[in-house]
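Work through the exercises below with the sequence and the coordinates at hand. Each task is followed by a solution in steps.

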Amino acid sequence: MSFKSLLLSVPAFVAMAGSALAGGISVEDAYARSSGKNAKAGAAFMVIVNETDQDDRLTGVAADISSRTELHTHRESGDGVMQMIHVKEGFEIPAGARHALARGGDHVMFMGLNQSLEHGDTVPVTLIFEHAGEVQVDIPVDLERKPEHGGMTHKSHSGG
């Protein structure tokens, strides 16, 4: 590789690194899905890693693929029925910990999809954190992934 090629590749590398890690927050194993071609809703799942020594909070999310994009979780309604609810306060991401957004637990919800989620597509999503600010993530659509992929639960996990 020539010196000129190397210099030209540095900005691209820095841009890619910036999308994976911003303000000490990184995102791993992200994927999005919907239940079918004509679905009006979809969801995104990922593991958020807080690599700082300060607690942070995922307070919001934005995406152009839907009319509304919210943070959701599943909670028992008291009669044994699980309900999906909007979590307005967001999700705490403790210092030095990981928090999984996973099926059956915390997740990003796309409501009012304005296009179908096709396997292999990419969904640009902005995660909004209390301290780290906005983190841009390009999330691949994976309609084949099994629910238990990655082995994470929706609970916070300490360490890395």
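The model is predicted.

**Exercise 1.** Determine how strand β10 pairs with β11 and what lies between them.

Solution. Start from β10, which covers residues 122–129. Eight bridges join this strand to β11, and the two run antiparallel. One facing pair is Phe129 and Gly133, the latter in β11. Three residues separate the two strands, which form a hairpin.

**Exercise 2.** Place β10 and β11 in their sheet and find the edge strands.

Solution. The sheet is open and has four strands in the order β7-β4-β10-β11, paired antiparallel. β7 (91–93) and β11 (133–140) are the edges, because each pairs on one side only. Neighbouring strands are turned by 40° against each other on average, direction ignored. At the β7 end, β4 (residues 56–62) pairs with β7 through three antiparallel bridges. Arg57 is opposite Glu92 of β7.

**Exercise 3.** Which residues touch the most other members of the largest nonpolar core, and which elements supply two or more residues to this core?

Solution. The core has 30 residues, and those with the most contacts to other members are Met46, Phe110, Leu127 and Phe129. Two or more residues come from each of β2 (25–34), β3 (41–50), β4, β7, β9 (107–113), β10 and β11. Take Leu127 as a case: leaving out residues up to four places away in sequence, its contacts include Val27, Met46, Leu58, Val61, Val135 and Val137. Gly60, Gly133 and Glu134 are also touched by Leu127. Finally, a separate second core has five residues, among them Tyr31, Ala43, Phe45 and Met109.

Methods:
Residues numbered from 1 in each chain as written. Predicted model: local features only at pLDDT ≥ 70, side-chain atom pairs only at ≥ 80, totals over all residues. Heavy atoms only, no water. Axes fitted to C-alpha atoms, helices over the stretch in contact; angles between N-to-C directions. Core = buried A, V, L, I, M, F, W, Y, C linked by side-chain atoms within 4.5 Å. Buried < 20%, exposed > 50% of the residue type's maximum accessible area, 1.4 Å probe, protein only. Contact = heavy atoms within 4.5 Å.
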